[in-house]
Protein chains: 2
Amino acid sequence: MKSAKKASYILAASDESLRNRILIEFATQLDKSRAEIAEANARDLKLAEEALISGSMYKRLILDDRKISVLIKGIEDLIKTPDPLADVDLKRELDNGLVLSRKRVPIGVIGVIFESRPDALVQISSLCVKSGNVVVLKGGKEALYTNRRLFEILQGAVRLVDEKYTQCMHLVETREEIKQLLAMNEYIDLMIPRGSNQLVSYIQNNTKIPVLGHADGICHMYIDSSADPEMAVKLVYDAKCQYPAVCNALETLLIHYEAAEKILPSICAALDKVEWRGDEKTRSIVTMKPASGEDWSTEYNDLVLSIKTVGSVVEAVDHINTFGSHHTDAIVANDKTASDYFVRNVDSAAVLHNCSTRFSDGFRFGFGAEVGISTNKIHARGPVGIEGLTIYKYILEGNGQDVAPYADGTKAFTHKDLI
Amino acid sequence: MKSAKKASYILAASDESLRNRILIEFATQLDKSRAEIAEANARDLKLAEEALISGSMYKRLILDDRKISVLIKGIEDLIKTPDPLADVDLKRELDNGLVLSRKRVPIGVIGVIFESRPDALVQISSLCVKSGNVVVLKGGKEALYTNRRLFEILQGAVRLVDEKYTQCMHLVETREEIKQLLAMNEYIDLMIPRGSNQLVSYIQNNTKIPVLGHADGICHMYIDSSADPEMAVKLVYDAKCQYPAVCNALETLLIHYEAAEKILPSICAALDKVEWRGDEKTRSIVTMKPASGEDWSTEYNDLVLSIKTVGSVVEAVDHINTFGSHHTDAIVANDKTASDYFVRNVDSAAVLHNCSTRFSDGFRFGFGAEVGISTNKIHARGPVGIEGLTIYKYILEGNGQDVAPYADGTKAFTHKDLI
């Protein structure tokens, strides 16, 4: 990975036009190679059938013509996106003729470990090129042939643009190499896992490289006593049922006991395909399976919902900060005191009021292509756009200034912001 | 540390006025307790004398009346600093009545491990209060009594303002507790080490908590063939000699061989108190000790300078990116092509042109109180001000929107920026 680090310096110094030319070539070569990709993908799918992999995994593994078109469209959108490295967000005169600026630069080398979906290889490689980062890719073994083919196509595209950037993309294929990757904190600056909670947890627990992402998505919705009943039913339904397999879907419903008596029967009626698991008070209103202590910290990713009644918004917030995963949590309330308290006190990346948890997403937030959703408390939090792949450097331009006269008080700083 | 995490939610929701009132009380109580602090400090100093600790460590251990006044002045400046949590840097309409905002919030619980200087306890606690973070402090055993006294004074000040915030400061005193702290990634969000390279490396290598800081500060200055000779001599002198014990002092001088013949004798004459260690070419110009391979990756923190001649700015940049610590590096050149190449290609937190490496510092950059200098590639890089102790959260306000109509295409996002 030493070569990846070296390549990162070359790519970091590149112009936007070069990076966009690579992306244009990505789109062109993917379009030209549809038949080859289909062939490689068919090989993976055949092996997957023989290995009797699960239906949902098989579905994610498919990379058909339609999905390739979506990928190409994504690259074309990315080309039009403003250069994430153009920004200079600080320009300050420290003294006459001594000017400090802070400029966006790429992070360096990004390690990406992903499962099943070969689309991820193309998406993340494109984001890395746009932001000037070298990418080291490790895909799931179930997509071995598709990933290998895609990698060859993309690296070939880089080579067509300029031979000297070829080392900006690396592919790692064996499981043993993951361990080696995770130990390379000297050469890899950021690790992005894309896959199951198990994969993310494993990576978080086995590397000193910073990891961007989230393991759990235990999202809550709290229905206050001031909630509009119709809105409450609609939002619980959407948050739980619209797409239950994703990280921003609802897992635990907290409901004020006054609201519970009024609204819970309608909620349960609307969520008739969902398995409900409730605390004692909840079960005194609607008959259901009892919730165990474990339910409060479980991400079902399925049509299962745990339900708990609470006495106040304070109790709801305590529950969320204790059992949640600091990902996305929502309140349904018309009382402003309650919603203000909730928004201010819930320690999550995204806190929502009177709307569905399912909005917590980079595309819906208008960030363009999404790098991932982060529950980290540093660097990038919540849905992360391409800026999450950048950092800054300070540049100080002088005309011969030494520190001595400022240290002994002969000269003083002006510290005048120029932008 | 569970109580620290709980306290972090309470402090995060506090108003600026509360946080400033605590800081006012910090200043008042420190001023009132000068005699007590002197007594505790005398005790530590006596033990230090008996233990025959080094002169520089003894000096750092002293907390006299003058240093207390400096601390109080620092707190007063911090009170006047704008609230670091006031900022809302994104406000975007996703659709009619659905508004996203991104608000600054504290990171949560900050662990601080520091050596010798008891001043650090007061400085970092003040920064944490201002930014709404809970602080867990572990000082060096040589300052045990002073640290304990200072902690009691500050926590007492918090209690005077409002009993419920008392858990916002924690002190850890034994070495065994460090190991426990480093394992508490569930409760501590960021670790800030303040001390020797050994301490920082130890912490970086023994925790899953993100660490903000830098181990080495191997700073370079490259003298181009186009450099003004007088400027070169002045800047090398300042960078190496003005304060050699600090992280932004010069360790390796790279000099173009043409410049070496012209300027090196004057540089060495000016740095007559410095031990020079040169490569072969350097030694053919000025007689000195040979540099070994190890010299290129050594931070001397002393009046020692390694010197290497290079054939071009490209070679200089390669050396810096290979052997440097990505902290601070400077070029002295009048040729714009050379300085542009250097600034663009050196992968360091601070890259300087025609000025001394010693400017790379939070106070000199105009950031107010400095949290530290970071060589991380994510979150905060270079000199870090109080914003380094903050992160953001997303807040989405709606009036009953579910995701379903946006997912099926019935409704479309407007994504209109409101600020």
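Colleague: How many bridges join β9(B) to strand β10 of chain B, and do they run parallel or antiparallel?

Modeller: Strands of a sheet pair through backbone hydrogen bonds, in either a parallel or an antiparallel sense. In this predicted model, β9(B) and strand β10 (residues 289-290) of chain B run parallel and are joined by 2 bridges. Within that pairing, Lys289(B) of β10(B) is the residue opposite Arg277(B).

Colleague: What do β9(B), helix α12 and β10(B) make?

Modeller: They make a β-α-β unit of right-handed sense, with helix α12 covering residues 280-285 of chain B.

Colleague: Which strand of chain B is joined to strand β9 by 4 bridges?

Modeller: That is strand β11 (residues 304-310) of chain B, and it runs parallel to strand β9 (residues 275-278). To find the register, take Glu275(B): its bridge partner in β11(B) is Val304(B).

Colleague: What is the order of the open sheet that holds these strands?

Modeller: The sheet has 11 strands with mixed pairing, in the order β17(A)-β1(A)-β2(A)-β16(A)-β13(B)-β12(B)-β7(B)-β8(B)-β11(B)-β9(B)-β10(B). Both chains therefore contribute strands, as the letters in that order show.

Colleague: Which are the edge strands?

Modeller: They are β17 (416-417) of chain A and β10 of chain B, each of which pairs on one side only.

Colleague: In the order, β16(A) is followed by β13(B). How many bridges join these two strands?

Modeller: There are 5 bridges between strand β16 (residues 390-401) of chain A and strand β13 (residues 350-355) of chain B, and the two run parallel. One residue to locate is Ile395(A), whose bridge partner in β13(B) is Val351(B).

Colleague: Does β16(A) run parallel or antiparallel to strand β2 of chain A?

Modeller: Antiparallel: 8 bridges join β16(A) to strand β2 (residues 98-106) of chain A. Here Leu100(A) has Leu396(A) of β16(A) as its bridge partner.

Colleague: Now the interface. How much area do chain B and chain A bury between them?

Modeller: The size of an interface is often given as the accessible area lost when the parts come together. For chain B and chain A this is about 6,400 Å², of which 56% is on carbon and sulfur atoms. The contact takes in 73 residues from chain B and 73 residues from chain A.

Colleague: How many salt bridges and polar contacts are counted between the chains?

Modeller: Side chains of opposite charge can pair when their charged atoms come close. Between chain B and chain A there are 2 salt bridges. Asp15(A) and Arg344(B) form a salt bridge at 2.7 Å, N to O. The polar contacts between chain B and chain A come to 51 residue pairs, both residues at pLDDT 80 or more.

Colleague: Which strand gives the most to the side of chain B that touches chain A?

Modeller: Strand β16 (residues 390-401) of chain B, with 11 residues. That side of chain B divides into 37 nonpolar, 20 polar and 16 charged residues.

Colleague: Where do Asp340(A) and Lys336(A) lie?

Modeller: Both are in helix α14 (residues 336-345) of chain A, 4 residues apart, which is about one turn of the helix. Their side chains meet in a salt bridge of 3.0 Å, N to O. Over all chains, the structure holds 44 salt bridges.

How values were computed. Residues numbered from 1 in each chain as written. Chains lettered and ligands numbered in written order. Predicted model: local features only at pLDDT ≥ 70, side-chain atom pairs only at ≥ 80, totals over all residues. Heavy atoms only, no water. Contact = heavy atoms within 4.5 Å. Buried area = accessible area lost by both parts, 1.4 Å probe. Salt bridge = Lys/Arg side-chain N within 4 Å of Asp/Glu carboxyl O. Polar contact = N/O pair within 3.5 Å; in protein donor to acceptor, adjacent residues only side chain to side chain. Nonpolar A, V, L, I, M, F, W, Y, C, P; charged D, E, K, R; others polar. Right-handed = clockwise from strand over helix to strand, strands pointing away.
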